[in-house]
Amino acid sequence: MSPILTLDAVQFGYDPAKPVLQDISFQVHPGEVVAVVGRNGAGKSTMLRLLNGLLRPGSGRVTIAGKDAADLKVSEIAAHIGTVFQAPEQQIFNATVRSEIAFGPAQSGLSAEVQQCRIDAAVQRTDLGEVLDTHPLDLDAAMRRFVAVASVIACQPDLMLFDEAQRGLDATRRALLGRIIAEEKSAGRAIVLVCHDMDFVAAHADRVLGLAEGRLAVDAPVRDFFADAEATRAVSVEQPGIVELAQALGQPVAVNAAELVATLAKKLKGGA
Ligand SMILES: Nc1ncnc2c1ncn2[C@@H]1O[C@H](COP(=O)(O)OP(=O)(O)O)[C@@H](O)[C@H]1O
Ligand SMILES: [Mg+2]
């Protein structure tokens, strides 16, 4: 399967004399959920802006769906890549939730009927049916985040970028976001999520990219990453609770409670 996204030796600095990112190379394939981790200021948000074309590399190459991003306008990149920014209020510009979600599909050139289908599905999946006529900025921060998520999933991009989309969500809405990620993955779409919350990374990511001092210090499957204390230290992140628990019990790395329970149940049965 060909990658939806390729970075080759990408370098970037807001001040060209002071690179924020150096020698960044990786690929993302359809159906992959990739978490980007690293301490504050490591360059995670900057990297997302290089992926969606809001920033352009100082050197190196970004390839999106087989095309050199340097040859694509931001609007052309947006046909492939949708972004939920760290602060959704920066991307929301319509007066109602309904028109905000409808905006993207209206640019698609699809029939009105198909557009409406996508909008209805996005509204239903994000649980926004009750607030369609509300001004998005009158909603609380969590619901505003889901307005941004709905407007992105309604466009069905090949790749979605989530910058700390899980931050500040209660358990119900975290689970809802997790469900949406899983559904998008099984529909063959890719997701790159910047995330400080290692429980969320363990539960939802397939792979981890770790940034440290502007470089890609880690590119590993999520289990290998959390099994390697040196890797987590190198990118200054904590082990998720479930990984610590599995280790304390002398079990292999588990990324969610169900997995740990299944391992333990198998052991108990084997011992009985
Ligand atoms: N618009 C900007 N102009 C100048 N420097 C910036 C800008 N945005 C971020 N930076 C700097 O780039 C570095 C990486 O920032 P950022 O990508 O926001 O990190 P992260 O998202 O990992 O916290 C930091 O040193 C930050 O101060
Ligand atoms: Mg950031």
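Thr 6 stands opposite Gln 27 in E2, a handy place to start on this predicted model. That pair belongs to strands E1 (residues 5-12) and E2, which run antiparallel and share five bridges. From there the tour takes in an open four-stranded antiparallel sheet, an open six-stranded sheet with mixed pairing, three helix-helix contacts and the shell of a ligand.

**The four-stranded sheet**

- Reading across this open sheet, the strand order is E2-E1-E4-E5, and the pairing is antiparallel.
- At the edges you'll find strand E2 (21-28) and strand E5 (67-68), each pairing on one side only.
- E1 also pairs with E4, again in the antiparallel sense and over five bridges.
- Within that pairing, Asp 8 sits opposite Arg 61 of E4.
- E4 and E5 run antiparallel too, joined by two bridges.
- Here Ile 64 is the residue facing Lys 67 in E5.
- The hairpin of E4 and E5 has two residues between its strands, and in it Ala 65 takes a positive phi near 50°.
- Helix H1 (residues 44-51) lies across E1, E2 and strand E4 (59-64), and its direction is at about 120° to E1.

**The six-stranded sheet**

- This one is open as well, with the order E6-E7-E8-E3-E9-E10 and mixed pairing.
- Strand E6 (81-84) and strand E10 (215-221) are the edge strands; each has a single partner strand, so one side of each has no neighbour in the sheet.
- From one strand to the next, the twist averages 15°.
- Strand E9 (residues 207-212) pairs with E10 in the antiparallel sense, over six bridges.
- Want a landmark there? Leu 209 has Asp 219 of E10 as its bridge partner.
- Helix H6 (residues 171-186) packs on this sheet and touches strand E3 (33-37), strand E7 (159-163) and strand E8 (190-194).
- The direction of H6 makes about 145° with that of E8.

**H3 against H4**

- The axes of helix H3 (residues 97-106) and helix H4 (residues 112-126) come within 10 Å and cross at roughly 140°.
- H3 and H4 are therefore oblique to each other, and their crossing is right-handed.
- On the H3 side, the contact uses Ile 101, Ala 102, Pro 105 and Ala 106; on the H4 side, it uses Gln 115, Arg 118, Ile 119, Ala 122 and Val 123.
- Sorted by class, the contact of H3 with H4 has seven nonpolar residues, one polar and one charged.

**H4 against H5**

- H4 and helix H5 (residues 141-153) have axes that come within 9 Å and cross at roughly 145°.
- This crossing of H4 and H5 is right-handed.
- H4 brings Ala 122, Val 123, Arg 125 and Thr 126 to the contact, where they meet Phe 146, Val 149, Ala 150 and Ile 153 of H5.
- That makes six nonpolar residues, one polar and one charged in the contact of H4 with H5.
- Ala 122 and Val 123 turn up in the contact of H4 with H3 and again in the contact of H4 with H5.

**H3 against H5**

- H3 and H5 pack at an angle of about 30°, and their axes are 7 Å apart.
- H3 and H5 are therefore roughly parallel to each other.
- The crossing of H3 and H5 is right-handed.
- Val 97, Glu 100, Ile 101, Phe 103 and Gly 104 of H3 meet Val 147, Ala 150 and Ser 151 of H5.
- By class, the contact of H3 with H5 counts five nonpolar, two polar and one charged residues.
- Ile 101 of H3 takes part in the contact with H4 and in the contact with H5.
- Ala 150 of H5, in turn, meets H4 as well as H3.

**Around ligand 1**

- The shell around ligand 1 includes Tyr 14 and Val 20, along with Gly 38, Asn 40, Gly 41, Ala 42 and Gly 43.
- Lys 44, Ser 45 and Thr 46 are also among the residues around ligand 1.
- The shell around ligand 1 divides into three nonpolar, six polar and one charged residues.

Terms used
Residues numbered from 1 in each chain as written. Chains lettered and ligands numbered in written order. Predicted model: local features only at pLDDT ≥ 70, side-chain atom pairs only at ≥ 80, totals over all residues. Axes fitted to C-alpha atoms, helices over the stretch in contact; angles between N-to-C directions. Parallel < 35°, antiparallel > 145°, perpendicular 65-115°, else oblique. Left-handed = near helix turned anticlockwise from the far one by under 90°. Contact = placed C-beta atoms within 7 Å. Nonpolar A, V, L, I, M, F, W, Y, C, P; charged D, E, K, R; others polar. Pairing = 2+ DSSP bridges. Near = placed C-beta within 6 Å.
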